[in-house]
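Please open the structure in your viewer and keep the selection panel at hand. The tour below proceeds by selections, each followed by a description of what is found there.

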Amino acid sequence: QVQLVESGGGLVQAGGSLRLSCAGSGRAFRNYAMGWFRQAPGKERESVAAVSWSGGSTYYADSVKGRFTISRDNAKNTVYLQMNSLKPEDTALYYCAAARSSWYIGPDLSQYDYWGQGTQVTVSS
């Protein structure tokens, strides 16, 4: 079992940047692939990005490619999401999640066993 806590959300103007952090507890953190997801009001939760256990492989949704970067620091039990060139349509509650596999970095929500509580990102125009 892994406990995950997101932070770093807030209000930013379009074109600005934010960095989200997800702090995990437990000795096994480095064994999990990690993902970031988001959910806007009235919409389904969707995958944003994911990273393998080693940080060597990544996945990005088409909507964020070239703007967002996922990374992890296993020594700190933390995964990050650097968000640049933010758009109003990026506004959502952002969640981090741990996959049951050390390698799965796809968008399938059913592959993720543990979830944080979410952090709000609001982008104004």
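Begin by selecting strands β7 and β8, the latter being residues 78–83. In this predicted model, the two strands run antiparallel and are joined by six bridges. Which residue of β8 stands opposite F68? Select F68 and look across to β8: the residue facing F68 is M83.

Next, extend the selection to the sheet that contains this pair. The sheet is open and has four strands, in the order β1-β3-β8-β7, with antiparallel pairing. At its edges lie β1, residues 4–7, and β7, residues 68–73. Each of these edge strands pairs on one side only. On average, neighbouring strands of the sheet are turned by 15 degrees against each other, when direction is ignored.

Now select C22 and C96 and display their side chains. A disulfide joins C22 to C96, with a distance of 1.9 Å from S to S. C22 belongs to strand β3 (residues 18–24) and C96 to strand β9 (residues 92–99), so the bond ties together parts that lie 74 residues apart in sequence.

Are these two cysteines, C22 and C96, buried or exposed? Both C22 and C96 are buried. Then view the pair along the S-S bond. Why is the disulfide of C22 and C96 called right-handed? The torsion about its S-S bond is about 55 degrees, and therefore the disulfide is right-handed.

Finally, return to the view of the whole structure. A search of the whole structure finds one disulfide.

How values were computed. Residues numbered from 1 in each chain as written. Predicted model: local features only at pLDDT ≥ 70, side-chain atom pairs only at ≥ 80, totals over all residues. Heavy atoms only, no water. Disulfide = S-S within 2.5 Å. Buried < 20%, exposed > 50% of the residue type's maximum accessible area, 1.4 Å probe, protein only. Pairing = 2+ DSSP bridges. Axes fitted to C-alpha atoms, helices over the stretch in contact; angles between N-to-C directions.
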